[in-house]
Amino acid sequence: MAGLLEQATSTPTVLRMGLGLMLRGRREQKGVPARAAARHLGCSVTKISRLETGRGRFQLSGQEVAKLLAFYGEGDPRMLADVQELVWRANQRGWWLAYQDLVPGWFELFVGLESSASIVRVFEAFHMPGLLQTEGYARALMQAGVPLAQNEEIGRRITFRKTRQEALTRPHGALKLWVVIDESVLWRRVGGKKVMIEQLEHVLTMMKRPNVIVQVLPFDADIPAHAGVPITMLRFQAPDLPDVVYLERTDSAEYLDEASRTETHMRILDNLSAVAMTKRDSRALIESAIARFRT
């Protein structure tokens, strides 16, 4: 828990997750059923579950957290003081909440996790990952995906995406991004030739950064089973936090943090990376795509 408080990039989302893991760990260590904890707090079992997962839009109560910890036998004054600071910081507004009229609740959680992650691994089969998209590319996707959106709304959506991308260039603790993209992403025309040239050149520029790896999965690769679905895996610097796998659907998302399930998706990502082109060959193919769009 102390590590979470010391991490400069710890967002309210990750602090809630860390606090929830600590509460669940204390409860299970004492052998207290969730139903008994709910009775002690005078709430539903659902609320205990929400507290222990740290998900959802609700204000944490330092008094309730302290009451649960006392019930679990925790009496260390220093630890309880740290918990109260953790609760206070976890109740702060993340920067992304300024866009909550545009961003669905299920994606807010992802942005809060992404903003605190130290490593993000992505497999994308259909378009360039959001962290690498240029303004022109993003605008073309948004105009196609939200055809009735006004220019002002699209402008705010692009600003939101650019703010997410700042994690890649922050001076201290820049996010490490490892991407595998299907070769079709290079050739699928989004926004026309000029937009595609700009987008692919931007990827080449980002590949020069030591914290960004981009590999292309060629058409003739022997891809692993279940590799057709986009996958994002987030890893955090705080050792107590588990990896989280994010699987996006059309209008929802699934978050996996159980070790057995995250390890399965990690193996898929490792296998995709193994059969994808090397960084050097990927760069050469991207340069070839740029040359083709120029003709």
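**Helix faces, strand pairing and aromatic contacts**

Gln63 and Ala70 are exposed, on the other side of helix H5 from its buried residues. The model described here is predicted. Helix H5 comprises residues 62-71, and its buried residues are Gly62, Val65, Leu68 and Leu69. Viewed along the axis of H5, these residues fall within an arc of 125 degrees, so they line one face of the helix. The cover over the buried residues of H5 includes helix H2, helix H3 (34-41), helix H4 (45-53) and helix H6. Just after H5, glycine 73 adopts a positive phi of about 90 degrees.

Helix H2, which is part of this cover, spans residues 12-29 and contains arginine 27. Arginine 27 has a relative accessibility of 10% and therefore counts as buried, the cut-off being under 20%. Beyond residues up to four places away in sequence, arginine 27 touches Val32, Pro33, Ala34, Ala37, Glu52 and Tyr72. Arginine 26 also lies in helix H2. With a relative accessibility of 25%, arginine 26 counts as partly exposed. Once neighbours within four places in sequence are set aside, the contacts of arginine 26 are Leu69, Tyr72, Glu74 and Met79. Tyr72 is thus in contact with arginine 27 and with arginine 26, while Leu69 is one of the buried residues of H5. The C-alpha atom of arginine 26 is separated by 49 Å from that of glutamine 150, a residue 124 positions away along the chain.

Helix H13 (residues 279-294) was examined in a similar way. For its 16 residues, a rise of 1.5 Å a residue gives an expected span of 22 Å, and the C-alpha atoms at its ends are 23 Å apart, which agrees. Ser282, Leu285, Ile286, Ala289, Ile290 and Phe293 are the residues of H13 noted as buried. They cover an arc of only 145 degrees around the helix axis, which puts them on the same side of H13. Arg280 and Arg294 are exposed on the other side of H13. Among the elements that cover the buried residues of H13 are helix H10 (184-187), helix H11 (193-206) and strand S3.

Strand S3 (residues 212-217) runs parallel to strand S2, to which it is joined by 6 bridges. Valine 180 has glutamine 215 as its bridge partner in S3. Strand S2 (residues 176-182) also pairs in the parallel sense with strand S1 (residues 119-124), over 6 bridges. Strand S2 is mostly covered, with 5 of its 7 residues buried. The bridge partner of arginine 121 in S2 is tryptophan 178. These two residues also have a side-chain arrangement in common: the charged end of arginine 121 sits over the ring of tryptophan 178, 4.0 Å from the ring centre.

Aromatic contacts were searched for over the whole structure, and 12 aromatic pairs were found. Tryptophan 95 and tryptophan 96 form an edge-to-face pair, with 5.9 Å from centre to centre and 85 degrees between the planes. The angle is over 60 degrees, and the pair therefore counts as edge-to-face. Tryptophan 95 is partly exposed at a relative accessible area of 30%, whereas tryptophan 96 is buried at 5%. Tryptophan 95 forms a further pair with phenylalanine 160, which is tilted, with 5.5 Å between the centres and 45 degrees between the planes. This pair links distant parts of the chain, its members being 65 residues apart. Tryptophan 95 lies in the loop between helix H6 (77-90) and helix H7 (105-116), and phenylalanine 160 lies in helix H9 (residues 151-165). Phenylalanine 160 has a relative accessibility of 7% and counts as buried. Tryptophan 95, tryptophan 96 and phenylalanine 160 belong to one aromatic cluster, which also includes Tyr99, Trp106, Phe107, Phe110, Tyr246 and Tyr255.

Note on methods. Residues numbered from 1 in each chain as written. Predicted model: local features only at pLDDT ≥ 70, side-chain atom pairs only at ≥ 80, totals over all residues. Heavy atoms only, no water. Phe/Tyr/Trp six-rings, centres within 6.5 Å; stacked < 30°, edge-to-face > 60°. Buried < 20%, exposed > 50% of the residue type's maximum accessible area, 1.4 Å probe, protein only. Helix = DSSP H or I, 4+ residues; strand = E, 2+ residues; numbered from the N terminus. Lys NZ or Arg CZ within 6 Å of the ring centre and 35° of its normal. Contact = heavy atoms within 4.5 Å. Pairing = 2+ DSSP bridges. Arc of directions from axis to C-beta. Expected span 1.5 Å × (residues − 1).
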